[in-house]
Amino acid sequence: MGMSVTISRATEQDAEQIFRLRYLCFQSEAVIYGDHRPGPLTESLADVRAEIASGIVCVARLGEEVIGAVYGRVTADGAGEIDGLCVHPRLQGHGIGARLLRAAEAAVTESSQVAAFRLSAGNRTEPGLRLYRRLGYRATGRAEGPDGVPRIVLERTAAAGQDPDAGTAVYAATA
């Protein structure tokens, strides 16, 4: 499949597309857990706008369409936290998620020095867990999400496997 996908920081104009995409993407997780309370299924458009305004949100675009998104922030303990990675179901498996994750990590390190990155994934979300492990994340614990879903906490050091080309500048690749 040939396509040109660009990765950039999200803007206020992207909020509605991100909102719809996250709702679509997290439907499969709701089915896996038999629970329609995962955060992206209950967040509002105002929540997405607030995240864009206050945090780090990176998007993947195919033309003008937002086909992927991820949130990043620095936590109170100084770690870079990655959250809500999603790629449109029809485009999964083409490396877009990995590119988004690296772009969010780069954007977080541009805003603050962090020693480690942390994220969590549902304990039954095997495709996501495989991606995170492949990118150097290792399980460090378990937690329960605000929606009650059991989660695996994964971390990696900030220097491990850092892609020097993964900044938030717009770039294209063929997948």
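## A salt-bridge network

Which residues are linked with Arg-73 in a network of salt bridges? They are Glu-51 and Glu-81. Keep in mind that this is a predicted model, so everything below is read off predicted coordinates.

Take the Glu-51 side of the network to begin with. Its side chain meets that of Arg-73 in a salt bridge, with 2.7 Å from N to O. Glu-51 sits in helix H4 (residues 45-54) and Arg-73 in strand S3 (residues 65-74), so this pair ties together parts of the protein that are 22 residues apart in sequence. Arg-73 also forms a salt bridge with Glu-81, and here the closest N and O atoms are 2.9 Å apart.

How open are these residues? Glu-51 counts as buried because its relative accessible area, 16%, falls under the 20% cut-off. Arg-73, with 23%, is partly exposed, and Glu-81 is partly exposed too, with 25%.

## Another bridge, from S5 to a loop

A search of the whole structure turns up 12 salt bridges. One of them pairs Arg-118 with Asp-77, the closest N and O atoms being 3.0 Å apart. This pair links distant parts of the chain: Arg-118 belongs to strand S5 (residues 116-122), while Asp-77 is in the loop between S3 and S4, 41 residues apart.

Is each partner buried or exposed? Arg-118 is partly exposed at 22% relative accessibility. Asp-77 counts as exposed because its relative accessible area of 54% is over the 50% cut-off.

## Around Arg-90

Arg-90 is placed in the loop between strand S4 (80-87) and helix H5 (96-111). With 45% relative accessibility, Arg-90 is partly exposed. Its side chain is joined to that of Glu-65 by a polar contact of 3.0 Å. Ile-67 is 23 residues away from Arg-90 in sequence, and their C-alpha atoms are 9.2 Å apart in space.

## How far to trust it

Average pLDDT for the protein is 83, and 81% of the residues score at least 70. Among the elements, strand S2 (residues 56-62) has the highest mean pLDDT, 96, and strand S8 (residues 172-174) the lowest, 34.

Where does pLDDT stay under 50? That happens over residues 160-175, for which the model has 44 contacts beyond four places in sequence. Don't lean on those contacts too hard, though. Where pLDDT is low, the predicted coordinates should not be read in detail.

Terms used: Residues are numbered from 1 along each chain as its sequence is written. This is a predicted model: local features need pLDDT of at least 70, side-chain atom pairs count only at pLDDT 80 or more; totals for chains, interfaces and linings use all residues. Side-chain values use heavy atoms; hydrogens and water are left out. pLDDT is the predictor's confidence in each residue, from 0 to 100. Helices (H or I, at least four residues) and strands (E, at least two) are DSSP runs, numbered from the N terminus. Contact means heavy atoms within 4.5 Å. Buried means under 20% relative accessible area, exposed over 50%, partly exposed in between (1.4 Å probe, protein chains only). A polar contact is a pair of N or O atoms within 3.5 Å; within protein, one must be able to donate a hydrogen and the other to accept it, and residues adjacent in sequence count only if both atoms are side-chain atoms. A salt bridge is a side-chain nitrogen of Lys or Arg within 4 Å of a carboxyl oxygen of Asp or Glu.
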